[in-house]
Amino acid sequence: MAAATANAAFVSSRRRLFTAIFSSAGATTDDTGAALRRPGRNGLIDDEIPTVPDLTTFPPPAVRWLSRGTFGFTTPDHAAFLALGATDDARWLAWVNRQLDPSSIGDSACDSRIASAGFTTLGKTPNELWTEHHALTASNQYYQRMLPIAESECATLIRQIYSARQLNEVMADFWHDHFSVFGWDYDGGPMFPAFDRDAIRPNVFGNFRTLLQAVGESASMMYMLDLYSNTRDGPNENYARELHELHTLGAENYAGIVDDPDDDPSLPTFIAWDGKIERLQYVDDDVYEAARVLTGWTISQSTYETRNDPNGGTFEYVNALHDAGVKRVLHRNFSAGGAQSDGITLFNMLAQHPGTANFVIGKLCRRLIGDSVSASLVQTVASTFQANWQAPDQIETAVREILLSDEFKTTWGKKMKRPSTAAVGALRATLADFTPMPDNTAIYTPTEEFLGRLQAAGQRLFYWPAPNGYPDTQIAWSSTGAMGMTMRLLPRLLEMHQTESYNNAYPFLIDVQGQTLAAFADPATRTASNIVGYWCDRIIGHRPEPTHGVAVDFLRQEAAATAPLDLVTDNTDGGAQHTGVWHLNPANTLSKHYTIARLRVTIGLILCSPEFLRR
């Protein structure tokens, strides 16, 4: 009877956990039949989805803030945070100011890990990337051709996991989504390190106008949106359209097809920085005219006309390819013969436009705070952003204002972690030893498995094929497919091995057994209650229910929560198995059965908890 009682308690607690997990994704379980309904059979509708499910607890301030200002809460980060002041508000102010000055933060450990990976392409100039990788076209040269994007992907993961400059990485990730480039594009991939290194990273906290043009001039973006082929004899509107819709004004400021937009009273105007009248909304004609403005902006040696130009792979403006005629964009006239200055003026116009400020700041608030952000905060920060459009610290000022706002501080649970953020956060919280590296051998490496599982979950880095970037709303990632593959990935991280992912002869990426034994040196203290409390503190920063109780029940099995568990004795047939020993006899002794493996599964349950998946 005792065994049956314990099992029933475990089943009940497990049901509570999965109820909370699916509630955290926006699915209620008041109707037990809802989960079994087929699509279109009167299941849940959007209006019934709760904003913050009752089963989700509210973590302490430091946990909430660090979880969103970094790639995931860690106890070392928390300890450093606590040393920054006497109150949480004072500590947060100090943390934000320090993170907004990344050059002042030593990052030698991360730099050493990147150096140990032996990357060879990240420091190459655009011309070197062009001649040493982009030029490789034979089928047996594909690995070397695409090595630059492969190394960029791995180096980015290393920085997200290990860099002390966490806010810098959060913002680099934001801008890569905003200016989204499919990294594995056949032409853009070999040039990707220059895009990341020269366009995105130097400007994450800098000036949006500078960032905008740097991105437009990069080879990877030019290939992504065909700007390199935009000429007076063959205009290509792809880049010009996304420049308006995705990079600056946003679709929210698109007025559609209008016959005579400059004489249409329904389209309001404003006075630009230089006293010129400009329209607040754009129409299709503005896109076509902007494409003409940017004719001649290309990549050296990328087209027939530029095949013999010097410094292949670098930006160049070719006046002979430019449409020198009169143009008109957003009510502003471009006189004939403007040459490259036409494009400079266009970038100025779009960067200082109030629509750009509202669109960009709205996205940034949603990334840092949650899917539902007050219009008043967006407007306040957008006004500052627009007023400072020429300031070198324009973005820094906006990020500071958002992170120090009351809305940021008091909000929790309005977003869920995307698969990549969840995986990186798990590696951070568990102090994983993982250095992703490209590999061209027959060995199935942990890097290959990790990237493959991220891809299966829908968010491998730089792998979104469309120019709008990965979705950044909770509803986009709460499908059974995305959540299911994410929940397969997170516990699997605890089973992956160094060098060869499935080879038990190599150490784990995450040595949870060793870390647990070190935390509880006295065997008498290795109880389910102590161990689960320790790992809840490590992974989610507190001990919420039902997650804590579910994990304790699973780890203890029929034993008392305060009974010591054997986490040392192992099955050594054919070498250490890292499982513990088989122990099903006598009956009701599951607490002694495969305890080492059960420890990893327990931690996997915590990683799949709603508290870990929410932000």
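# Cysteines, cores and rings: a guided walk

Let's begin with the cysteines of this predicted model: the number of disulfides is zero. A disulfide calls for two cysteine sulfur atoms within 2.5 Å. The sulfur of C154 has its closest cysteine sulfur in C110, and because the two are 13 Å apart, they are too far from each other for a bond. C536 is likewise in no disulfide, the nearest cysteine sulfur being that of C608, 13 Å away. You will not find either C154 or C536 on the outside: C154 is buried with a relative accessible area of 2%, and C536 is buried too, at 0% relative accessibility.

From here we can turn to the interior. In soluble globular proteins, nonpolar side chains tend to be buried together. In this model, the largest nonpolar core holds 135 residues. W175, F208 and F450 are the residues with the most contacts inside that core. Take F450 as a place to look around: leaving out residues up to four places away in sequence, F450 touches L157, A423, L427, F434, L489, L493 and M496. A second core, separate from the largest one, is made of seven residues. Among them are C110, F119, C154 and A155, so the two cysteines C110 and C154 that we met at the start, with sulfurs 13 Å apart, turn up again here.

Next come the aromatic rings, which form 24 aromatic pairs. One of these pairs is F192 with F462, whose ring centres are 4.7 Å apart and whose planes stand at 50 degrees, a tilted arrangement. To find the two partners, look for F192 in helix α10 (residues 192-200), and for F462 in the loop between α21 (446-457) and α22 (480-492). The pair links distant parts of the chain, with the two positions 270 residues apart. Both rings are shielded: F192 is buried, with a relative accessible area of 1%, and F462 is buried at 11% relative accessibility.

Now compare W582 and Y594. Their rings are arranged edge-to-face, 5.9 Å from centre to centre and with 80 degrees between the planes. W582 and Y594 are 12 residues apart, and each lies in the loop between α25 (547-556) and α26 (595-607). What about their surroundings? W582 is exposed, at 57% relative accessibility, while Y594 is partly exposed, with a relative accessible area of 28%.

Rings also gather in groups and meet charges. W65, F81, W92, W95 and F408 make up one aromatic cluster. W65 has a further partner, as the charged end of K409 sits over the ring of W65, 5.8 Å from its centre. Elsewhere, the charged end of R145 sits over the ring of Y186, at 3.6 Å from the ring centre.

Our last stop is T602, a residue of helix α26. Is T602 buried or exposed? It is buried, with a relative accessible area of 2%. The side chain of T602 reaches the backbone oxygen of R598, at 2.7 Å. Setting aside neighbours within four places in sequence, T602 is in contact with V532, A551, F554 and L555.

Technical notes. Residues are numbered from 1 along each chain as its sequence is written. This is a predicted model: local features need pLDDT of at least 70, side-chain atom pairs count only at pLDDT 80 or more; totals for chains, interfaces and linings use all residues. Side-chain values use heavy atoms; hydrogens and water are left out. Buried means under 20% relative accessible area, exposed over 50%, partly exposed in between (1.4 Å probe, protein chains only). A nonpolar core is a set of buried Ala, Val, Leu, Ile, Met, Phe, Trp, Tyr and Cys residues joined through side-chain atoms within 4.5 Å. Contact means heavy atoms within 4.5 Å. Rings of Phe, Tyr and Trp (its six-membered ring) pair if their centres lie within 6.5 Å; planes under 30 degrees apart count as stacked, over 60 as edge-to-face and the rest as tilted. Helices (H or I, at least four residues) and strands (E, at least two) are DSSP runs, numbered from the N terminus. A charge sits over a ring if NZ of Lys or CZ of Arg is within 6 Å of the ring centre and within 35 degrees of the ring normal. A polar contact is a pair of N or O atoms within 3.5 Å; within protein, one must be able to donate a hydrogen and the other to accept it, and residues adjacent in sequence count only if both atoms are side-chain atoms.
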